[in-house]
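Q: Please take me through one part of this fold, slowly and with its surroundings. I would like one connected account rather than a list.

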Amino acid sequence: MREFMQYFRNAFYGATGWSEDNSYKDLNVTARELIDFPLPRGIRLSLSSLATPHFATSYQLCNVGVVDGSISYLHSSVPLAAVPAQSDKIPLGALMRSYRGLHQLGSRGGTPWSWETGPQIGTIPQVPAVADMGQVPNKDKSSLLYGRLYLPQSLLEAMVIKRFSSTLQVQISAVSEQSLRNGGTMLSVVQYDRGKYGVEGLYSTDGGLLGLRGLYNFGGDASVAVMGSQNGAGSPESTEKERIYGRFSAGGEMYYGTLNKSGGMSLGARFATLPTHKGTPLTATLTINPLMGNINTTYAVLAKDFLAMATRMEFNAYSYESDWAVGLELWSNRRPAGFLLGAEPSLDLESDQPELPSKKERSFQAKMEWRLDEPEPEPEPVKIAEKPTEGKEEYLGVFKARLSSNLDLGLVWEGRAKSLIFSLGTGVDLQRLGEPFRSLGLEVQYSS
């Protein structure tokens, strides 16, 4: 489950028309969120508020053996007034859905991008698109400031995001803590996104790390022919291109530590279906680290609107080491007790539906005389009330599970109870059945 501050940061990206699809670091983010979702530990309570359209606060209290907490502040130069901030109104998909589909590349210059993390599927209420927020003044010069103080460790975390144009953005993150070398560390990232390709340069004070990474898109909507014929579909060339129904992406990264005189690199590729694809949404990735010999493959599929699954295979070409992991998320309109006990979904509207007239069985006299009964007047058609979808979510929660080759099992149930959003999970070690439970936690969030 994502924190509210991450939720508001995604809102800032959407309000300014920025997408993370062209970032090489998020190449396999879909499978990673389906498999490596965090397990709650201990008890964690969060209280957040969007005090003004430009300012948000969050307070967190944790108890994992020791009582600690944090205070967070966020300021956005772009107003976020139209973003649902109350925890009873925030769509669950924006905080919990793991499968993340790609956005259309052509939407950058026209229709603004939707900033919800997750595909536009099912009848889960969607967070308002940027178009519903009105005209955003100077969104190409917008900025975001974020700070978080952890207590009692006195650890300070800060982040600054500054847009210089529609294609150029700078992000600076810093951590200050006495136990860290030099009292803290800072990471600067310059992002340049042209839609068809994206390039990032980074520098970290931890080891004097210099890096460069990029991603190039081709096929599907990344083709110039398809993007130029979107307004006039129907040409033979456009029809031929649309058979792909997806976008291919290829990229890589290089980094070098100026202090320890060591470097590294990796190459990666991805195929993901587009929102216009009418079949099953899927995402497949392949990443290779030629220096270390690591090969990583992932495959994620949205089998149904309520079911997403992912697999990951890792192995090393220089040894016999290998690893695999699987994960899934299952959305349900049942309460946790009904979901675990297998009860039927409780839909309030089903009880209000009138019973449909059944066909009358042939009378005994007609059967003895080998004939049909006299025809009866047809009953008046019964009007069935349609189930309203506005203002009501189809799903009440999501069940997440993962299993790795080490027989580590992770189980999480996330949902909403009244105005509280909760996450209940546990980690189980199937190799130690005598003491299987490794962690157990409950996280509760409330926003006003």
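**A loop and its surroundings**

A: Pro152 sits in the loop between strand 4 and strand 5 (helices are DSSP runs of H or I of at least four residues, strands runs of E of at least two, numbered from the N terminus). Before we go on: this is a predicted model, in which local features need pLDDT of at least 70 and side-chain atom pairs pLDDT 80 or more, while totals for chains, interfaces and linings use all residues. Residues are numbered from 1 along each chain as its sequence is written, and side-chain values use heavy atoms, without hydrogens and water.

The peptide bond from Leu151 to Pro152 is cis, with omega near 5°. Ser154 belongs to the loop between strand 4 and strand 5 as well, and its phi is positive, near 60°, although it is not a glycine. Most peptide bonds are trans, and most residues other than glycine have a negative phi. Ser154 counts as exposed because its relative accessibility is 51% (exposed is over 50%, buried under 20% and partly exposed in between, with a 1.4 Å probe and protein chains only).

Now follow the strands inward. Of the 30 residues in the largest nonpolar core, Tyr7, Phe8, Leu74, Leu95, Met96 and Leu144 touch the most other members (a core joins buried Ala, Val, Leu, Ile, Met, Phe, Trp, Tyr and Cys through side-chain atoms within 4.5 Å). Strand 4 and strand 5 each supply at least two residues of this core, as do helix 1 and helix 3, and helix 1 gives the most, with 8.

That makes helix 1 worth a visit. Of its 12 residues, 10 are buried, among them Phe4, Tyr7, Phe8 and Phe12. Gly17, with a positive phi near 75°, follows helix 1.

Strand 4 and helix 1 meet again at the largest cavity, of about 70 Å³ (a cavity is a set of points on a 1 Å grid over the protein atoms alone where a 1.4 Å probe fits but cannot get out; lining residues have an atom within 4 Å of a point; points join across faces, edges and corners, and the volume is that of the probe spheres set on them). Its lining includes Phe4, Met5, Tyr146 and Arg148. Helix 1, strand 1, strand 2, strand 3 and strand 4 each give two or more residues to this lining.

How values were computed: 1 Å grid on protein atoms, 1.4 Å probe; cavity = no way out; pocket = protein on both sides within 12 Å on 5 of 7 lines; lining within 4 Å.
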